[in-house]
Amino acid sequence: MLKLFRKTLAICLIGLGLGILLVLLLPLTGWLFIIGVAIIGVGFAWLAC
């Protein structure tokens, strides 16, 4: 149960990061772009655990 929750949370984090990146594809610079990349990275790291 806990493993399923962790995988679901990781997929949600990856989706959130991708959503932030897709919204911000026009201005490629900015701190929100960095936050999106960081969220995707955390999601993949969590998924790998």
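This is a selection-by-selection tour of a predicted model, from the whole chain down to individual side chains.

**Whole protein**

Start with everything selected and a cartoon drawn. The protein has 2 helices and 0 strands. Its length is 49 residues, and 20% of them count as buried. Switch to a surface: the accessible area is about 3800 Å², and carbon and sulfur atoms hold 85% of that. If you draw a contact map, look away from the diagonal. Among contacts with a separation of 6 or more, 53% join residues that are 24 or more positions apart.

**Helix α1**

Select residues 2-23, which form helix α1. Put a distance between the C-alpha atoms at its two ends; the value is 32 Å. The helix has 22 residues, and at 1.5 Å a residue they should span 32 Å, so the expected and modelled lengths agree.

Next, colour A10, I14, G17, I20 and L21, the buried residues of α1. Turn the view to look down the helix axis: these buried residues fall within an arc of 125°, so they line one face of α1. Then select L4, F5, I11, L22 and V23, which are exposed on the other side of the helix.

**L21**

Keep L21 and hide the other side chains of α1. How buried is L21? Its relative accessible area is 15%, and buried means under 20%, so L21 falls in that class. Which residues does L21 touch, leaving aside those up to four places away in sequence? They are F33, G36, V37 and I40; show them as sticks alongside L21.

Two distances from L21 can be added here, both taken C-alpha to C-alpha. L32 is 11 residues from L21 in sequence and 8.1 Å from it in space. I34 is 13 residues from L21 in sequence, at 8.9 Å.

**V23**

Move along to V23, also in helix α1. V23 is exposed, with a relative accessible area of 64%. Add a C-alpha distance from V23 to F33: these two are 10 residues apart in sequence and 9.4 Å apart in space. F33 is already on display as one of the residues that L21 touches.

**Helix α2: I34 and V42**

Select residues 31-48 for helix α2, and pick out I34 within it. Is I34 buried or exposed? I34 is exposed, at a relative accessible area of 56%.

Finish on V42, which also has its place in α2. V42 is partly exposed, with a relative accessible area of 43%. Its C-alpha atom is 7.9 Å from that of I14, although the two residues are 28 apart along the chain. I14 was coloured earlier, as one of the buried residues of α1, so the V42 to I14 distance line ends on the face of α1 lined by its buried residues.

How values were computed:
Residues numbered from 1 in each chain as written. Predicted model: local features only at pLDDT ≥ 70, side-chain atom pairs only at ≥ 80, totals over all residues. Heavy atoms only, no water. Helix = DSSP H or I, 4+ residues; strand = E, 2+ residues; numbered from the N terminus. Buried < 20%, exposed > 50% of the residue type's maximum accessible area, 1.4 Å probe, protein only. Contact = heavy atoms within 4.5 Å. Areas by Shrake-Rupley, 256 points an atom, 1.4 Å probe, with all protein chains shown as cover. Expected span 1.5 Å × (residues − 1). Arc of directions from axis to C-beta.
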